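Hi,

Here is the structure I promised to pass along. Have a look at it first, and then read on for what turned up.

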Amino acid sequence: VQLQASGGGFVQPGGSLRLSCAVSGSIRSINVMGWYRQAPGKERDLVASITSSGVTTYADSVKGRSTISRDNAKKMVFLQMNSLKPEDTAVYYCNVDGQVTPWKPFNVWGQGTQVTVSS
């Protein structure tokens, strides 16, 4: 199982970006899909997550500015980020957990995509 993240880039404060992450490989089911970020010298922190039933969780720092969504048929997760701030600058990683088979779970990370917010 592999993840491919895309959509990062350079944006000015107040701008928007949409991150995408696609799951590849043979799997039985996907449970939680999430986005994390890691700024230089800091720990990797949760940005947002979404369960298989659509329940979402957001970090306080992005609430009201970001929306996580998923397309189960395409095995993808998205993060729409608006009103971006310089403090949103980080490498963003997608994370997915699920089942390859009923007795074999998986939890994988994407390769990371850089988001830089600067004027």
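Before the pocket, one bit of vocabulary: strands here are DSSP runs of E, at least two residues, and they are numbered from the N terminus. Keep in mind, too, that this is a predicted model.

**The pocket**

The largest pocket has a volume of about 190 Å³. Its lining is made up of 14 residues, and those nearest the centre are Arg37, Ala39, Lys42, Asp45 and Glu87. Two elements give two or more residues each to that lining, namely β4 (29-38) and β5 (45-50). Which of them supplies the largest share of the lining? That is β5, with three residues. As for chemistry, the lining of this pocket splits into six nonpolar, three polar and five charged residues.

**Arg65**

Next, an arginine to click on. Arg65 sits in the loop between β6 (56-58) and β7 (66-71). Is Arg65 buried or exposed? Its relative accessibility is 12%, so Arg65 counts as buried, the cut-off for buried being under 20%. You can follow its side chain to two partners. One is the backbone oxygen of Ser83, reached at 3.0 Å; another is the side chain of Asp88, with which Arg65 makes a polar contact at 2.8 Å. Leaving aside residues up to four places away in sequence, Arg65 touches Gln80, Met81, Asn82, Ser83, Leu84, Lys85 and Asp88.

**The aromatic rings**

How many aromatic pairs are there? The count comes to two. In one of them, Tyr36 and Trp109 meet edge-to-face, 4.9 Å centre to centre and with 65 degrees between the planes. This pair ties together distant parts of the chain, since Tyr36 is in strand β4 and Trp109 in strand β10 (residues 104-109), 73 residues apart. Tyr36 has a relative accessibility of 23% and therefore counts as partly exposed. Trp109 is partly exposed as well, at 38% relative accessible area.

Trp109 also forms an edge-to-face pair with Tyr93, at 6.5 Å centre to centre and 85 degrees between the planes. Again the link is between distant parts of the chain: Tyr93 belongs to strand β9 (residues 90-101) and Trp109 to strand β10, 16 residues apart. Tyr93 is buried, because its relative accessible area is 14%. Put the ring pairs together and you get a cluster of Tyr36, Tyr93 and Trp109.

Cheers

Technical notes: Residues numbered from 1 in each chain as written. Predicted model: local features only at pLDDT ≥ 70, side-chain atom pairs only at ≥ 80, totals over all residues. Heavy atoms only, no water. 1 Å grid on protein atoms, 1.4 Å probe; cavity = no way out; pocket = protein on both sides within 12 Å on 5 of 7 lines; lining within 4 Å. Points joined across faces, edges and corners; volume = space filled by probe spheres on them. Helix = DSSP H or I, 4+ residues; strand = E, 2+ residues; numbered from the N terminus. Nonpolar A, V, L, I, M, F, W, Y, C, P; charged D, E, K, R; others polar. Buried < 20%, exposed > 50% of the residue type's maximum accessible area, 1.4 Å probe, protein only. Polar contact = N/O pair within 3.5 Å; in protein donor to acceptor, adjacent residues only side chain to side chain. Contact = heavy atoms within 4.5 Å. Phe/Tyr/Trp six-rings, centres within 6.5 Å; stacked < 30°, edge-to-face > 60°.
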